[in-house]
Amino acid sequence: MPEKILSETKDKMKKAVSVFSGEIATVRTGRASPSVLQDIKVDYYGNLTPLNQVASITAPEPDLLIVHPWDKNILGAVEKAILSSDLGLNPSNDGNVIRIPIPPLTEERRKEIVKMVKKIAEESRIAIRNIRRGANDELKGKKKEGKISEDDEKRLEKRIQELTDEHIQLIDNILEEKEKEILEE
């Protein structure tokens, strides 16, 4: 029973790290990356469809993305979706593909992006701490019910704290990498 609490806690913490990682993958750095367009949805015959399900997205150069729709009839819809996103990109449609030049980021903009990524990281750390608190509360309940001993409770609390530290360290490592990526020119 107590091992179940540990495994569930570990799974929840892994998921929190995964969500954080996914969230900052879409944050624009100075380099072209197909993941920048990950959240864009295109009006595909009346349905809002993720861009990566109607087109291939490549980064042939560090400052250029190319979107190659599988259906040429939606070129206009893809272009419109990219323009209306808050990414500040200016796509150009040549009738076959959409080229998206990635402008270099200003120093000021880089610092704003880093600040935003740090805020997302802090929210993820808080989520992990909340998971820890939930697991510890569950342990206290089990001890009160007499299902686990005080020694088991202390041992499991220690293990939950280790899991918390591990996952917060993972978030810090991902944040550090992303920060380097954003600040390098």
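## An acidic residue in helix α4

D172 has a relative accessible area of 26%, which places this residue in the partly exposed class. The model described here is predicted. D172 forms a salt bridge with R125, and the closest N and O atoms of the two are 2.8 Å apart. This pair connects distant parts of the chain: D172 belongs to helix α4 and R125 to helix α3, with their positions 47 residues apart in the numbering.

R125 itself has a relative accessibility of 13% and is classed as buried, because the cut-off for a buried residue is under 20%.

## A second partner for R125

R125 also meets the side chain of E122 in a salt bridge, at 2.7 Å from N to O. Both E122 and R125 lie in helix α3, which covers residues 107-144. They are 3 residues apart there, about one turn of the helix. E122 is partly exposed, at 31% relative accessible area.

Which residues are joined into one network by salt bridges that share partners? The network consists of E122, R125, R129 and D172. Across the whole structure, a search finds 17 salt bridges.

## A salt bridge within helix α4

R155 and D152 form a salt bridge through their side chains, with an N to O distance of 3.7 Å. These two residues are 3 residues apart in helix α4, so about one helical turn separates R155 from D152. R155 is partly exposed at 45% relative accessibility, and D152 is partly exposed as well, with a relative accessible area of 28%.

## Packing of helices α1 and α4

Helix α4 spans residues 150-183 and packs with helix α1, which spans residues 2-25. The angle between the two helices is about 10 degrees, and their axes are 10 Å apart. Helix α1 is therefore roughly parallel to helix α4, because angles under 35 degrees fall in that class.

On the α1 side, the contact is made by P2, E3, L6, T9, K10, M13, K14, V17, F20, S21, I24 and A25. On the α4 side, the residues are R155, L156, R159, I160, L163, T164, H167, L170, I171, I174, L175 and K178. By class, the contact of α1 with α4 has 14 nonpolar, 4 polar and 6 charged residues. R155 thus appears in the contact of α4 with α1 and in the salt bridge with D152.

Technical notes. Residues numbered from 1 in each chain as written. Predicted model: local features only at pLDDT ≥ 70, side-chain atom pairs only at ≥ 80, totals over all residues. Heavy atoms only, no water. Axes fitted to C-alpha atoms, helices over the stretch in contact; angles between N-to-C directions. Helix = DSSP H or I, 4+ residues; strand = E, 2+ residues; numbered from the N terminus. Parallel < 35°, antiparallel > 145°, perpendicular 65-115°, else oblique. Contact = heavy atoms within 4.5 Å. Nonpolar A, V, L, I, M, F, W, Y, C, P; charged D, E, K, R; others polar. Salt bridge = Lys/Arg side-chain N within 4 Å of Asp/Glu carboxyl O. Buried < 20%, exposed > 50% of the residue type's maximum accessible area, 1.4 Å probe, protein only.
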